[in-house]
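Welcome! Please open the structure in your viewer and keep the selection tool handy for a short walk through it.

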Amino acid sequence: MDIIQLLPDSVANQIAAGEVIQRPASVIKELVENAIDAGAKTIKVFVVDAGRTSIQIIDDGCGMSETDARLSFERHATSKIRKADDLFALHTMGFRGEALASIAAVAQVTLQTRRAEDELGTRITLEGSHVTSQEPVACAVGSSFCVENLFFNVPARRKFLKSNTTEMSNINQTFERIVLVYPHISFILYNNGQEAMNLPAASLRQRIIDVFGKKINQALLPLDTATTLCKITGFVGKPESARKKGAKQFFFVNGRYMKHPYFHKAVQMAFERLVPSGDQVPYFIYFDVNPEDIDVNIHPVKTEIKFENEQAIWQILMATVRDAVGKFSGVTEIDFDVEGRPDIPVYNPEALKDAKQPTIEIDSSYNPFLCTPSDEPQYLKKAARDTSGSSRGSRNGGGIPSSSLGISDYKPRQNTQQWENLYQSSAINIDDTPAGDENIFSSVLNDFEDEQVPLLNRGHEHLQYSGRYIVTQVENGLMLTDQYRADVRILFEYYMHSLATRTSSTQKILFPETVQFPPSYSPYLSTAISEMCSLGFEINKEDNGGYSVSGIPAGLAGLDAVTLVNELVSAVVEYGSDVKSEINSFLALQLAERAATPYGEILSQEQMENMIERLLQCENSRYTPDGKTITVIWAEKEIEQHF
């Protein structure tokens with residue numbers, strides 16, 4: 001008996017829908033791209049319950065006839081290509097003919113469409129790939145797709161959809177990728193009846209500003225390079241716009257969004273030694289390439305694209321970005337206003353003939369080891385006064401003081417009169433020393449033992465090594481503590497306590513600063529900002545849609561408030577969780593990492609003692625909240641094995 005059977009179309013469409021339609025954002029991507037291919041000038045998107053309940057896309061494109069409307073839902077039905085060779089000359093967003101068939105296979109779909117030359121349009125309803133009705137209807141020119149109850153017949157897929165906040169964030173992200181390519185088209189996005197994004201037709205730069213806020217306008221450097229292989233346009237951020245999290249980075253090729261780690265590395269290489277390691281620079285880069293030189297038919301999502309001349313384009317891209325950054329940093333302003341300025345004489349070699357070479361006098365009798373406090377140079381005395389009281393203070397009400405080690409903290413040895421004895425060994429043969437005389441080395445060592453050298457007999461005092469580790473003597477050996485990670489653990493537990501008890505101290509900012517977030521952040525903003533206020537931030541919403549930052553947690557002096565708020569919110573959005581407790585721990589960790597004592601900061605004995613004591617009082621003193629080791633103990637037996 002034969003066991004191989006041909007699957008029904010409805011089952012085949014459901015299988016195909018698994019790759020094409022992964023979540024509500026996939027529906028919006030496919031339908032909006034179809035509207036763009038139809039020549040629409042205005043596209044409206046209505047979303048209810050993050051796409052679970054319904055998604056509606058209305059456009060003013062060319063519309064479809066009655067026959068085309070029915071045929072458009074058949075699998076592999078498309079108006080974009082006719083033969084295989086057309087795949088290498090694509091000028092449209094879609095071409096597979098799978099999107100509408102896949103959507104209709106897993107949702108209830110209603111389409112109303114009319115062409116300009118028709119008096120009546122067509123209304124067609126489908127459910128699970130089956131047409132339930134088709135009738136003429138009066139409607140506007142263009143098309144209106146209404147997709148309801150997504151995955152109604154695939155309960156497993158519907159069950160594993162993320163929360164509404166996460167799905168709405170994905171919808172906003174997909175929407176951004178489309179609107180940045182077509183600034184000449186007007187887009188409007190509604191979420192649960194409220195307008196979330198309204199983008200009128202504008203220039204590319206204005207579209208970027210409309211999506212991501214006015215502040216990004218100051219950080220954009222234009223790109224414009226044309227070669228025989230490709231044309232590169234768009235914008236890249238200035239070096240000072242780099243940040244750890246939330247940098248907006250987009251690649252587009254022939255009007256299509258793409259992910260390309262190889263080209264991303266080219267941009268990063270162009271900013272090498274201009275931005276700190278790990279920071280990301282925003283960019284919006286558009287490639288115009290001959291369609292024959294790329295292949296977009298790699299995956300149904302169409303974000304993976306192969307280039308024929310990948311290495312050459314990589315070089316062109318890096319050179320283009322470097323040129324833009326070089327122009328920005330290399331342009332000098334010519335100032336013709338010289339009134340009141342010092343007169344710089346013209347170089348005249350004849351006037352320098354009588355110039356004498358300066359002489360330097362050296363006092364060969366001067367001995368720095370024999371200086372008394374009264375003989376100290378004045379600049380050293382001034383440095384000691386300036387640094388003796390320097391301190392960044394304690395963090396957040398009883399936190400760790402992190403003052404730098406000043407000159408006044410250093411106590412020189414008192415007995416320095418016999419310093420020359422240390423160097424007499426080069427002129428003395430030890431074997432020739434008279435037996436009855438005491439060895440000169442013994443006398444010198446005895447002198448130092450009487451002074452109690454700091455590292456010999458000080459018990460449990462701490463030693464800072466390499467500006468990053470604290471060495472402490474414990475009962476069974478030596479304990480090495482990473483000072484940055486220890487401070488992260490201490491501050492993390494402090495911030496978590498502040499969030500739990502809603503008690504935190506705030507440090508006011510002299511001049512409040514404004515921060516703006518892109519619309520894609522809106523699902524997370526209310527929760528994130530509420531919890532940040534519990535940490536000690538003062539953030540208030542303004543009428544223009546931005547947020548005013550008027551205070552930050554006490555003890556964070558020196559950190560840029562706008563950058564700090566931007567990075568924290570971006571990290572929450574990237575983390576993608578709407579569970580309050582998880583957001584709290586994530587915010588506490590992010591803030592602790594930015595406020596902790598950095599590597600290279602010199603700590604006094606009091607500071608190290610305070611840090612170790614507070615670390616040992618933590619719930620977990622061995623590991624940071626993200627699982628990194630804080631302390632390592634070298635047992636006494638392990639040390640003895642080396643000797």
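Start by selecting T481: this residue is buried, because its relative accessible area is 0%, and buried means under 20%. Remember as you look that the model is a predicted one.

Now show the strand around this residue: T481 sits in β18, which covers residues 477-482. Which residues does T481 touch? Leaving aside residues up to four places away in sequence, light up R468, Y469, I470, A486, I612, L615, I630 and T631.

One of those neighbours, A486, leads to the next stop, as A486 is among the buried residues of helix α12. Select residues 483-501 to see α12: its 19 residues should span 27 Å at 1.5 Å a residue, and the end C-alpha atoms are 27 Å apart, so the two agree. Color the other buried residues of α12 too: Q483, D487, V488, R489, I490, L491, F492, E493, Y495, S498 and L499. At the start of this helix, zoom in on D482, where a side-chain oxygen comes to within 3.1 Å of the backbone nitrogen of Y484.

For the last stop, select helix α6 (residues 164-179) together with helix α13 (residues 522-534). Their axes come within 8 Å and cross at roughly 130°, so α6 and α13 are oblique to each other. Show side chains where they meet: α6 brings T165, T166, M168, S169 and N172, while α13 brings S522, P523 and Y524. Sorted by class, this contact has 3 nonpolar residues, 5 polar ones and no charged ones.

Definitions and conventions. Residues numbered from 1 in each chain as written. Predicted model: local features only at pLDDT ≥ 70, side-chain atom pairs only at ≥ 80, totals over all residues. Heavy atoms only, no water. Axes fitted to C-alpha atoms, helices over the stretch in contact; angles between N-to-C directions. Helix = DSSP H or I, 4+ residues; strand = E, 2+ residues; numbered from the N terminus. Parallel < 35°, antiparallel > 145°, perpendicular 65-115°, else oblique. Contact = heavy atoms within 4.5 Å. Nonpolar A, V, L, I, M, F, W, Y, C, P; charged D, E, K, R; others polar. Expected span 1.5 Å × (residues − 1). Buried < 20%, exposed > 50% of the residue type's maximum accessible area, 1.4 Å probe, protein only. Polar contact = N/O pair within 3.5 Å; in protein donor to acceptor, adjacent residues only side chain to side chain.
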